[in-house]
Amino acid sequence: MRRRAVTGLLPELGAEPAYPEFEEVREQARRSGRGPLGMDTIGRMEEVAARRGGDWCTAVLGRGFPGIRHVSTVDGWMLIVADERGLEPPLPPRIVKERQAAEERRVGRERAAVAELNMAKEAWRQLAVKAPVPLTVHENTRHTGADGALRHIVAAVDLLSGRSRRHTADMGLCETPERSNPLHLGGAVDLPPTCGRCQEFVAKVRTLDAPAPPTAVEARLLKLIDSGVVLTLRPARGQPTIRDTSRRSHGVAWGHLGRKVDTAVTKLQAKGWAQEDEKPSKTDTGQYGHRWWLTDAGTAALEA
């Protein structure tokens, strides 16, 4: 018995056409695509795709159109057939939804980026307003990373941080003066800095004539003075002395005067961080003395 073979056209994998002529167009394209593919035919396909545009090609094929060089011969002929018929099919609903979702994500990313930028600008404004001199932000014009050029903080005058670290004018705060390969910085930009090291130094820099920040010992004494327990006491049979009344002394007035801190407090006074109250006040132990307080500079040093 002689067998008979019936050839049927299977639907294109992944195609979701939104127009009724799809099967007819694809069947005609299958017939037209039999035989060798000449350069003139490829030229016709490319011309139709370029003239009609990617969205029209996507609508004809019922799926994404990656370009003539990346589709089958039948797909290319479908574009020619649909063009000859003058079809204007709509995009598949799935692709429309995907594009809408992609657009919503894009808008969401843009809004999040704007909000993040505004937050960074406000954080930078709060940092800059506390700096001892005006500061500007400059991009590194030599190197660009995945997130763009790194933005550095620059001062127009030399500054210091810590005990003696120098920050040279017109260089990034993160740079050292002896750096052999200095940064290449462009003009000032109205954007927040992105260099983490520069941002760390903003809260630490001071002018060359400003005192160095307090040491750990000085900071502890500043806290004691701020709490009001440091006073100048004048015992009946002795010279006035500056005492930390929160701690008992050893062998002096049975410890009631408190620990002697004359030298340390005098050093803080010389730096302009502490001053003695002109009016006497009473201690917790019942004695009278002149209480020490922090100056505005001392308060700033303690907060720093």
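Which residues have the most contacts inside the largest nonpolar core? In this predicted model, local features need pLDDT of at least 70 and side-chain atom pairs count only at pLDDT 80 or more, whereas totals for chains, interfaces and linings use all residues. Residues are numbered from 1 along each chain as its sequence is written, and side-chain values use heavy atoms, with hydrogens and water left out.

The largest nonpolar core (buried Ala, Val, Leu, Ile, Met, Phe, Trp, Tyr and Cys residues joined through side-chain atoms within 4.5 Å) has 22 residues, and Y19, V25, W56, V60, M78 and L79 have the most contacts inside it. At least two residues of this core come from each of α1 (22–32), α2 (39–52), α3 (54–61) and α4 (73–85); helices are DSSP runs of H or I with at least four residues, strands are runs of E with at least two, and both are numbered from the N terminus. The most is given by α4, with seven residues. Beyond neighbours within four places in sequence, L79 is in contact (heavy atoms within 4.5 Å) with V48, A49, W56, C57, V60, L61, F65 and I68. A second, separate core of 16 residues includes W124, L135, I153 and C195.

The count of disulfides (cysteine sulfur pairs within 2.5 Å) is zero. The sulfur of C195 lies 3.6 Å from the closest cysteine sulfur, in C198, which is too far for a bond. C195 is buried (under 20% relative accessible area, with exposed over 50% and partly exposed in between, for a 1.4 Å probe and protein chains only) at 5%. C174, in the loop between β4 (165–167) and β5 (185–188), is also buried, at 17%. The C-alpha atoms of C174 and C198 are 4.9 Å apart, with 24 residues of separation in sequence.
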